[in-house]
Amino acid sequence: GLDPLTTTLANYQMPCRYMYGEISGDRDFNGTPDTNVRPYMAFKESSLLRADMSIPPSSSNPVTAIRDPFGNSYGYSTAKAANPGGTIGFNPTFDLWSIADGTAGTDQTKWVKNW
């Protein structure tokens, strides 16, 4: 239900963390794929947000989101896929975006997006 036009940057982390876990196979967010899970792709450590960026991801310093080139988490939403007739979202599968200046809102001229 994350709406790219009305949400705040603080709300991006939970959906982005979910996306990271699904893509990387690291569903416990400790920085390594879970056993018996084949990851779709691996991430560089510098591409992962965590509470303490000075040390690697671990169970005590879990991954909180995928870090975009601007140092923020990516926006990720499947709202349109969950409700195709609804007004939230743009793409029928998923929306993925980043905000160049770190301020969420309706000014899409600052966005890097897939719609």
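This tour of a predicted model moves from its nonpolar core to one of the core's tyrosines, and then to the salt bridges.

Begin by selecting Cys16, Met19, Tyr20, Phe29, Leu48, Leu49, Val63, Ala65, Ile66 and Tyr76, which together make up the largest nonpolar core, with 10 residues in all. If you then colour helix 1 (13-24), strand 1 (48-50) and strand 2 (63-66), you will have marked the elements that each give two or more residues to this core. In soluble globular proteins, nonpolar side chains tend to be buried together.

Next, centre the view on Tyr20 and display what surrounds it: leaving out residues up to four places away in sequence, Tyr20 touches Gly25, Asp26, Phe29, Gly31, Phe43, Leu48, Val63 and Ile66.

From there, go to Arg50, which has its place in strand 1 and counts as buried because its relative accessible area, 7%, is under 20%. A polar atom of the Arg50 side chain lies 2.7 Å from the backbone oxygen of Ile55. Beyond its neighbours within four places in sequence, Arg50 is in contact with several residues, among them Pro56, Pro57, Asn61 and Pro62.

Now keep Arg50 selected and add Glu45, since the two form a salt bridge whose closest N and O atoms are 3.6 Å apart. Whereas Arg50 is buried, Glu45 is partly exposed at 39% relative accessibility.

The structure holds two salt bridges, and to see the other, select Arg27 and Glu22, whose side chains meet at 3.1 Å, N to O. Here Arg27 is partly exposed, with a relative accessible area of 44%, and Glu22 is likewise partly exposed, at 36%.

Key:
Residues are numbered from 1 along each chain as its sequence is written. This is a predicted model: local features need pLDDT of at least 70, side-chain atom pairs count only at pLDDT 80 or more; totals for chains, interfaces and linings use all residues. Side-chain values use heavy atoms; hydrogens and water are left out. A nonpolar core is a set of buried Ala, Val, Leu, Ile, Met, Phe, Trp, Tyr and Cys residues joined through side-chain atoms within 4.5 Å. Buried means under 20% relative accessible area, exposed over 50%, partly exposed in between (1.4 Å probe, protein chains only). Helices (H or I, at least four residues) and strands (E, at least two) are DSSP runs, numbered from the N terminus. Contact means heavy atoms within 4.5 Å. A polar contact is a pair of N or O atoms within 3.5 Å; within protein, one must be able to donate a hydrogen and the other to accept it, and residues adjacent in sequence count only if both atoms are side-chain atoms. A salt bridge is a side-chain nitrogen of Lys or Arg within 4 Å of a carboxyl oxygen of Asp or Glu.
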